[in-house]
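Me: Please pick one loop in this model and look at it closely. Then follow the contacts and neighbouring elements inward, and tell me what lies there.

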Amino acid sequence: SVLHMHGFVDCHCHISAGDFDKIILFNFSKAGLLALIAVAEHAGEFDKIIALSQRFPGFIFPCLGVHPVQEVSPEHQRSASPQDLDAAQPIIEKYKDHLVGIGEVGLDFTPRYVSSETDKENQRQVLIRQAQIAKELDLPLNVHSRSAGRPTIQLLKDQGVEKALLHAFDGKPSVAMEGVKAGYFFSIPPSIIRSEQKQKLVKQLPLENICLETDSPALGPEKQVRNEPRNISISAEYISKIKGVSVEKVVEVTTQNALKLFPKLKLAIRL
């Protein structure tokens, strides 16, 4: 039977960010949100994300993973190393039954984070190992690919990854279509309203491969203004405009896509 869905799934957000400590999270559900998928960037926030998911069961769903860029201090970021994953792996193992995905993982070849071929190789190894973990646990990957769209999709395919969400993809539509061929999904943040690249991307992508995200507190409708999960409706409205279909249709299809990609949501969401 066709599920008639009247709510959004935010497929990628950072609500363990200190920003949201003071916001009462269940206010988000009034914004028509069915579920938030909370992603991690490093082992230090894993416990907090799990705790949030336990405080809001059936609403906040955790993904744990090691991001390709690790913060040493607010001024200094570096590429992830295998040691970062060594620290994270036992905690992922401990919480494996709670997870809906492994993330945020990926590649980031932005010049200021990558000073050598070694940095890129470290990132690749960290991603390969996390792709293996996801396969062992039968979980999808929630993927970051800044300035690395083509190598990221290629690596996922080489690793035999079948279930992946490419969040806020910054590459060319032609590269994204390689991901579509592989069965991957692409989530679109509210920053689409100010990004010609994201607008072109959505024009090309089939609706069947699109999910919604906010990436809160980043990628909001306005530059440098804190983004929040309730802004997800902005993504849906803009996609509906580009695709020439109703907002309801966008919500229904993107939510079904999210449930396909993250089947554990089905068990918890009361539709």
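Reply: Start at Gln-224, which is exposed, with a relative accessible area of 77%. This is a predicted model, and every value below is computed from it. Gln-224 sits in the loop that runs between S10 and H7. Its phi is positive, about 65 degrees, although the residue is not a glycine.

Asp-215 belongs to the loop between S10 and H7 as well. Here too phi is positive in a residue that is not a glycine, at about 55 degrees. Its surroundings are another matter: Asp-215 has a relative accessible area of 8%, which is under the 20% cut-off, so it counts as buried. The loop also carries Pro-217, between strand S10 (210-212) and helix H7 (232-243). The peptide bond joining Ser-216 to Pro-217 is cis, with omega at about 5 degrees.

A neighbouring loop comes next. Pro-189 is located between strand S9 (185-188) and helix H6 (196-204). Its relative accessibility is 0%, so Pro-189 is classed as buried. Leaving aside residues up to four places away in sequence, Pro-189 is in contact with Ala-168, Lys-198, Glu-213, Thr-214, Leu-219 and Ser-235. Pro-189 and Cys-211 are separated by 22 residues in sequence, while their C-alpha atoms are 9.2 Å apart.

Cys-211 leads to the cysteines. Its sulfur is the closest cysteine sulfur to that of Cys-11, at 4.2 Å, and this is too far for a bond because a disulfide requires the two sulfurs to lie within 2.5 Å. Cys-11 is buried, at 0% relative accessibility. Cys-63 forms no disulfide either, the nearest cysteine sulfur being that of Cys-11, 9.1 Å away. With 0% relative accessibility, Cys-63 is buried too. For the structure as a whole the number of disulfides is zero.

Cys-63 opens the way to the strands. Its bridge partner in S6 is Gly-101. Strand S3 (residues 60-64) runs parallel to S6, and two bridges link them. S6 also pairs with strand S7 (residues 141-144), again in the parallel sense, over four bridges. One of the residue pairs there is Ile-102 with Leu-141 in S7. Between S6 and S7 the chain passes through helix H3 (residues 117-137), making a right-handed β-α-β crossover.

S6 itself covers residues 101-106, and six of its six residues are buried. Glu-104 is part of this strand. A cis peptide bond connects Gly-103 to Glu-104, with omega at about 15 degrees.

What surrounds Ile-102? Not counting residues up to four places away in sequence, its contacts include Cys-63 and Leu-64, as well as Ile-92. They also include Gln-130, Ile-133, Ala-134 and Leu-137. The remaining contacts are Leu-139, Pro-140, Leu-141 and Asn-142. Ile-102 is also one of three residues, with Leu-64 and Leu-141, that touch the most other members of the largest nonpolar core, a set of 65 residues. Helix H3 is the biggest contributor to this core, giving five residues. A separate second core has 17 residues, among them Phe-61, Val-100, Leu-261 and Phe-262. As a general background, nonpolar side chains in soluble globular proteins tend to be buried together.

One more helix bears on S3. In helix H1 (residues 46-55), the buried residues are Phe-46, Ile-49, Ile-50, Leu-52 and Ser-53. Viewed down the H1 axis, these residues lie within an arc of 160 degrees, so they line one face of the helix. An α-helix has 3.6 residues a turn, so residues three or four places apart point the same way. The cover over the buried residues of H1 includes S3, along with strand S2 (33-39) and helix H2 (82-95).

Notes:
Residues are numbered from 1 along each chain as its sequence is written. This is a predicted model: local features need pLDDT of at least 70, side-chain atom pairs count only at pLDDT 80 or more; totals for chains, interfaces and linings use all residues. Side-chain values use heavy atoms; hydrogens and water are left out. Buried means under 20% relative accessible area, exposed over 50%, partly exposed in between (1.4 Å probe, protein chains only). Two strands pair if DSSP finds at least two bridges between them. A crossover is right-handed if, with the strands pointing away from the viewer, the path from the first strand over the helix to the second runs clockwise. A nonpolar core is a set of buried Ala, Val, Leu, Ile, Met, Phe, Trp, Tyr and Cys residues joined through side-chain atoms within 4.5 Å. Contact means heavy atoms within 4.5 Å. The arc is that of the directions from the helix axis to the C-beta atoms.
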